[in-house]
Amino acid sequence: MGNCCSRREPSQEVDLVSSGNLTNNGLICSNCSKYGAQCYAKTVASRKPSRPAKSLSKRSLPPRPPSICEVCWGGPFAAHLGLFAPRTPLSDLHKNAWCTNGYSYSTSWAELRSRAGAGCTWCRFLFEMRTGSDMPSGRAEGPLKVTVGESIDWHYPLRARTTQQLQVRINGDRAFEGLVYTPADDHAAPHIVARNRVLDVGSPYAMNMAKICINDCENNHDNCKAILGGPERSLPTRLIDCTDPDQPRLVHTGHTPGKYLALSYVWGEPQPYRTVLANVSAYENAMDPSMLSQTIRDAMHVTRALGFQYLWVDALCIIQDSDEDKAHELARMHRVYRDASLTIIASSARKVSEGFLQDRATLSTLNDSSIFSHDVDFPFVCPRHPASSSGDAGRPELGKLCISPVYACNNDRGGDWAYDYTVDPISSRGWCMQEYFMSARALVFASHTLQFKCQTETRNVGGAFHSGYTPRLPDGFFHLGGTGALTAVERRGMYWMWLSVVMDYSARTISYPSDKLVACGVIAQEFHAILRSDYLAGLWRATLFSDLLWYHENVASKHGARAAAYRAPSWSWAAIDGRIQLPAISMQPTAEAGDEGVAVMEVIRCQITLENPALPFGQVSAASLVVRVPLVRCVLRKRGWAYSIWLHRAWRSDHPEDDSDDADVDTQNIGDAYLDSVEDEAHPRMWAALVSRHFDFDQIEGLIVVQQPESSSAAESESTGRKAYRRVEYFIFECPPYGRNGLIRAMGMDKKLPKAVEIELV
């Protein structure tokens, strides 16, 4: 059996539980046991960039496998597919440049077709690129110059330390790119950094590798040690003692210090076996594991396999039919996940009865005959070992090289390399978001493999390459002492982090619509402690102008609807279902011209009425926003799948809030509109409330509003003459590429805004 790293140290097959030595059933050497997956990265990172790409002579090559023709075996395969050619210095790279020297040879489409027909998988691989619409040379019948080698993305040059990317160019045109990997026990492992994805996520091997990641984080990640290191945290009120797999039991901790794991999962269905007042005493003696849901049983297995005793699960550690206990424990849930040594995230399970330890699929599920729709593998001639003291060079070994497509000229879909965390069932559930974000260290049982996530990194357990965005909260959220005063740059960064959290959360579903604000209340509370601004039904007082300018991403979707029962004011994103987007242009608080947007709306008063005053980040029963804002009469028109805003002829009226002449429409198209809900498009009388303007781009943003028949403060509105409106959409008025248009042109050269009036938004 081969060894797992370049030190070539003999492996030892040891039992994990009895010995405590983190070896991988003979696949992990003691060096990798100490340093984990970093050992793989060091193999390539330590390689000299100037190492020449010397081809092996035919006499020194291993026996040719039948899947590769003689031409390819003595050419690109003898040159190790150009992966070790001299690199272009990173300082010489420029934007969109790729670093590829590699190995070059000449052929033709006819020769490739002939050798592919004879069974050469590499020639077939190249011939598949012939139909590439993005590659002009793909349609030529003349000679071809094929260059194959390692490439480095200019945008992510450091990724070369943890992955290797193979690129194929034909007559200078990029034809293919893919990330390469090999099994840990393969002869190619000392030369190829990345490993196979772990598919048997519940196996002893997977648990061993997970422990390596945990130990590496505990010992080598300074910021993670600062968050989870130090004195042990107080335990939650109740935990499950998983010591005896046949008789787990519920224990009262007395909030003593200790370590435990927490489970984050999707219920997806009722749980008949959960802790209630009638069975809490029996559960303290013992539980029958066969009666528990599969996801909970799987979590108990993982807890024991990782060497922990206690597990927290909401269905068992909260008394489900006690309002008093639920209120007490739900208020502390963010601490449960923040203080856990590790959170087990059952990301792949759609419901609690499914479990999450099933073996993962081996290939992409794309139904496509193209070889570029899934991973492919080829034999790999390993570079020879350095010459011994006697002067004899080591004999080259034959390994396996697997390639996961990133780009193919005739297929815009990659292979299995790119993982989007939002595709897993847990990412669609609103309550699970705060559990994810508040977990400083987590083991994610994703749909494609097992992942380890902490505040320092996200990695695929076992050394497989990881690519994709992994959201996380700043470290300051996990420090018990809180953070000091923020600089302007830090505050801006925190604010943008909040916006990304809201966009993530808005795409998720909530079992009970009234919980829309409640299910993200913990996250809002943590942001409030840092931003130190009033929380206004999902918005912040300090950034209220820009926060108002959210818009629905896909109003035609089935989730693009306003909640039937009141749960938030119309100007809050929490009032609708479906993913929302937030503005990319921020605004200055004063009306000074500059590079950023300037607020033209004045806030007079904003009041929020809470369902429970003791929960300031919870459910809202009423809200009122009084503003002084320029109003413009307008009409909404549908244009295909989009909507446009047209001026009403009365827009220059001294009384812009007047609702007469609703059929009199100007010929000016002044911008685009984004409906909050499809049910709002039928309103005959609409007004554009101008919130911000951007001088440099002749751009105006704001809200489309309609009159509310009855205001929540009707008596006050009658005495002040103020009318109440509700929001129905977001708009943006932009100057087209050539000349002024719409409202911008109608305003004249002085850009004087329409008259501002005082209104109430409800």
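Hi everyone, let's start with a helix pair: in this predicted model, helix α15, residues 488-506, packs against helix α16, residues 521-531, at an angle of about 170°, and their axes are 11 Å apart. Angles over 145 degrees count as roughly antiparallel, so that is what α15 is to α16. The crossing of α15 past α16 is left-handed.

Who makes that contact? On the α15 side we have R491, M494, Y495, M497, W498 and V501, and α16 answers with I523, A524, F527, I530 and L531. Sorted by class, that gives ten nonpolar residues, one charged residue and no polar ones.

Now let me bring in a third helix, α14, which covers 430-437. The axes of α14 and α15 come within 10 Å, crossing at roughly 145°. From α14 the contact uses G430, M433 and F437, and from α15 it uses M497, V501, D504 and Y505. If you've been keeping track, M497 and V501 also sit in the contact of α15 with α16. The contact of α14 with α15 has five nonpolar residues, one polar and one charged.

And how do α14 and α16 meet? Their axes come within 8 Å and cross at roughly 40°, which makes α14 oblique to α16. Here M433, Q434 and F437 of α14 touch G521, V522 and I523 of α16. You'll remember M433 and F437 from the contact of α14 with α15, and I523 from the contact of α15 with α16. By class, the α14 and α16 contact has four nonpolar residues, two polar and no charged ones.

Let's move on to the largest pocket, with a volume of about 1,500 Å³. It is lined by 45 residues, and those closest to its centre are L330, M333, W431, D515 and V518. Which elements supply at least two residues each to this lining? They include two of our helices, α14 and α16, along with strand β7 (261-264) and helices α12 (323-330) and α13 (333-339). As for its chemistry, the lining divides into 20 nonpolar, 13 polar and twelve charged residues.

So, if you have the structure open, have a look at α14 and α16: both pack against α15, and both contribute to the lining of the largest pocket. Thanks, everyone!

Terms used. Residues are numbered from 1 along each chain as its sequence is written. This is a predicted model: local features need pLDDT of at least 70, side-chain atom pairs count only at pLDDT 80 or more; totals for chains, interfaces and linings use all residues. Side-chain values use heavy atoms; hydrogens and water are left out. Axes are lines fitted to C-alpha atoms, for helices over the stretch in contact, and angles run from 0 to 180 degrees between N-to-C directions. Helices (H or I, at least four residues) and strands (E, at least two) are DSSP runs, numbered from the N terminus. Angles under 35 degrees count as roughly parallel, over 145 as roughly antiparallel, 65 to 115 as roughly perpendicular and the rest as oblique. A crossing is left-handed if the near helix is turned anticlockwise from the far one by less than a right angle, and right-handed if clockwise. Contact means heavy atoms within 4.5 Å. Ala, Val, Leu, Ile, Met, Phe, Trp, Tyr, Cys and Pro count as nonpolar, Asp, Glu, Lys and Arg as charged, and the others, Gly among them, as polar. On a 1 Å grid over the protein atoms alone, a cavity is a set of points where a 1.4 Å probe fits but cannot get out, and a pocket is an open set with protein on both sides within 12 Å along at least five of seven lines; lining residues have an atom within 4 Å of a point. Grid points are joined across faces, edges and corners, and a volume is the space filled by probe spheres set on the points.
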